[in-house]
Amino acid sequence: MIVILFLLFFSGIIIESTLINFPLTLILVTILTSIRGEKIVPLVFIIGLVLDLFTLNLLGSNSLFFLLTTWVAVRYQKKMSSGNLFYPLSFITVLMTLYNLIFYKKFDYLSLLAGITVTAIFFLFLTKLFPHIFGDRAKLKI
Amino acid sequence: MIKKNLIYYLIALSFILLLLDSFKLLNSFKSQTDRIIISVKKPVYTGKLGFSTFREVLRQYPNLKTLLEMQANLKRVNEELILKTRVLTDENVTFRKQLEIPLPSSYKLIPAQILGTSRFLEVDAGEKEGIKPGMPAVLGNVYLGKVAAVTESRSSIMFLYDREMQIQVKTSRGTFGETSGQGEKSIALEKVLQKDPLFIDDQIVTTGLDGLPANLLIGKIVYINSDDSTPYKQAKIESFINLDSEKMIFIITAI
């Protein structure tokens, strides 16, 4: 599982830092923490640092933002992973607005719309394709 | 206990790292990682350029027959031109060494390969090459922006159209003003006096008054808003920046 997560995040980081002006890593972090909760906190921290290095941002800035995102997501995890897309999409809207303002210095409706669409697609794709990792079944291990 | 509060410890650690990096205490560590990052980003960006070419080939596919006929004609013309080119190449090598790009020969230009574009343009030249924050980046005589952050081997360049960019400019008619980045390749021209002439298609260049080299191309005016009730005119500039197929840019380290 850790390999899939790492590859997913690393691809996101490379795409975001090299090809597009869009917070793809944030979306991945939000989706995965909404589903997996505190289990991936160390990974989120590392991913934030790697993204900082790749984008030449101040070291710790992305990891701090991602960890705070995780902290909030964990507190509302039941709602986030309830299967109702409204909660994660509202959450990502607020986060992307903040992230765009802080890191990209922009407020862009199109980017926001794209973010919401990508989140919805990722959410459906990941929970359907990897139910043992990302879906509800992942929580039924007792 | 540690596991339970792990998130708080990591938040604190991130905050500490952020503080340390603000005071540039982590630069040596960041420089160590540059080589790995460059080796990852370079092929990705080159791949992106390759993909752009492939997309163009697909777009032109319906015109294939015409293109093949044209190719045959061009082949013949090409033979004639090859001879001419040989003579001109020798001449060109000498000129290129002297001029490099159409800027005054007093400028010291550092070539830098593009590693990626996001909000900033990232290149593979850094402190080692003598690059410092604030230095202007150009392509030909088009002004791209200024160096925003530097590590030992990498730099990020803030585009001219970034919201944090403002520079003094003048038009081809000598009208002075100030640009203000609007993001997404859009630039506004502000602080132009109502009495000063401003026309569509006027070219905009740097003035050289704010430490930048003079007469670097910025773009051309595409829209003018001259509301008489305000002290200044405003205009929209279309930037000349086009990095679609570019691999290399230049940073001016000495004027």
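Me: Between which two domains of chain B does the largest pocket lie?
Reply: This is a predicted model, in which local features need pLDDT of at least 70 and side-chain atom pairs pLDDT 80 or more, while totals for chains, interfaces and linings use all residues. Residues are numbered from 1 along each chain as written, chains are lettered from A and ligands numbered from 1 in written order, and side-chain values use heavy atoms, without hydrogens or water. A pocket is an open set of 1 Å grid points over the protein atoms alone where a 1.4 Å probe fits, with protein on both sides within 12 Å along at least five of seven lines, and its lining residues have an atom within 4 Å of a point. Because both domains, whose bounds come from an automatic or database assignment, give residues to the lining, the pocket lies between domain 1 (2–59) and domain 2 (108–255).

Me: What is the volume of the largest pocket?
Reply: Grid points are joined across faces, edges and corners, and the volume is the space filled by probe spheres set on them. On that basis the largest pocket has a volume of about 660 Å³.

Me: Of the 28 residues that line the largest pocket, which are the closest to its centre?
Reply: Both chains appear among these closest residues. They are A:Asn21, B:Thr117, B:Ser118, B:Tyr161 and B:Lys185.

Me: Which residue of chain B forms a salt bridge with A:Lys105?
Reply: A salt bridge requires a side-chain nitrogen of Lys or Arg within 4 Å of a carboxyl oxygen of Asp or Glu, and the count between chain A and chain B is 1. With the closest N and O atoms 3.6 Å apart, the partner of A:Lys105 is B:Glu164.
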